[in-house]
Amino acid sequence: KPKKAASLAAGILLLTFVLSVVVDLNESIEFLKYVTPFKYFEAKNMMYGGGLDTGFVLLSIVLFAALTAVTFVFYKRKDLNI
């Protein structure tokens, strides 16, 4: 169901972007910056000498490895009808 997958991906992208904007506006929910990938590598931090945050780099590596493993597990069980 390609249309459903594209809609779901666009919805997740929009939701995480809006969440990053909300985190910028409200400091009391700063802990949600770990949920949205838009806060992981901000250009303003790199431009002004902040560099990369080690925590976000490690989180990205862990997420990449875990989601790659999940993809291979579900791919073996998926029967694609094209």
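1. A residue counts as buried under 20% relative accessible area, as exposed over 50%, and as partly exposed in between. The model discussed here is a predicted one, and the points below should be read with that in mind.

2. Phe-41 has a relative accessibility of 37%, so this residue counts as partly exposed. Its partner in an aromatic pair is Tyr-40, and the two rings meet edge-to-face, with 6.4 Å from centre to centre and 85° between the planes. Tyr-40, by contrast, is buried, since its relative accessible area is 8%. Ring pairs join both residues with Tyr-34 and Phe-56 into a cluster.

3. The count of aromatic pairs comes to four. In one of them, Phe-17 and Phe-38, the ring centres lie 5.5 Å apart and the planes stand at 80°, so that this pair, too, is edge-to-face. Phe-17 belongs to helix α1 and Phe-38 to the loop between α1 and α2, so the pair links distant parts of the chain, 21 residues apart. Phe-17 is partly exposed at a relative accessible area of 43%, and Phe-38 is likewise partly exposed at 35%.

4. The second largest pocket holds about 190 Å³ of space. Of the 16 residues that line this pocket, Lys-33, Lys-39, Glu-42, Asn-45 and Phe-56 are the closest to its centre. Two or more lining residues come from each of the elements α1 (2–25) and α2 (43–47), and α2 gives the largest share, with three residues.

5. As for the character of this lining, seven of its residues are charged, six are nonpolar and three are polar.

Notes:
Residues numbered from 1 in each chain as written. Predicted model: local features only at pLDDT ≥ 70, side-chain atom pairs only at ≥ 80, totals over all residues. Heavy atoms only, no water. 1 Å grid on protein atoms, 1.4 Å probe; cavity = no way out; pocket = protein on both sides within 12 Å on 5 of 7 lines; lining within 4 Å. Points joined across faces, edges and corners; volume = space filled by probe spheres on them. Helix = DSSP H or I, 4+ residues; strand = E, 2+ residues; numbered from the N terminus. Nonpolar A, V, L, I, M, F, W, Y, C, P; charged D, E, K, R; others polar. Phe/Tyr/Trp six-rings, centres within 6.5 Å; stacked < 30°, edge-to-face > 60°. Buried < 20%, exposed > 50% of the residue type's maximum accessible area, 1.4 Å probe, protein only.
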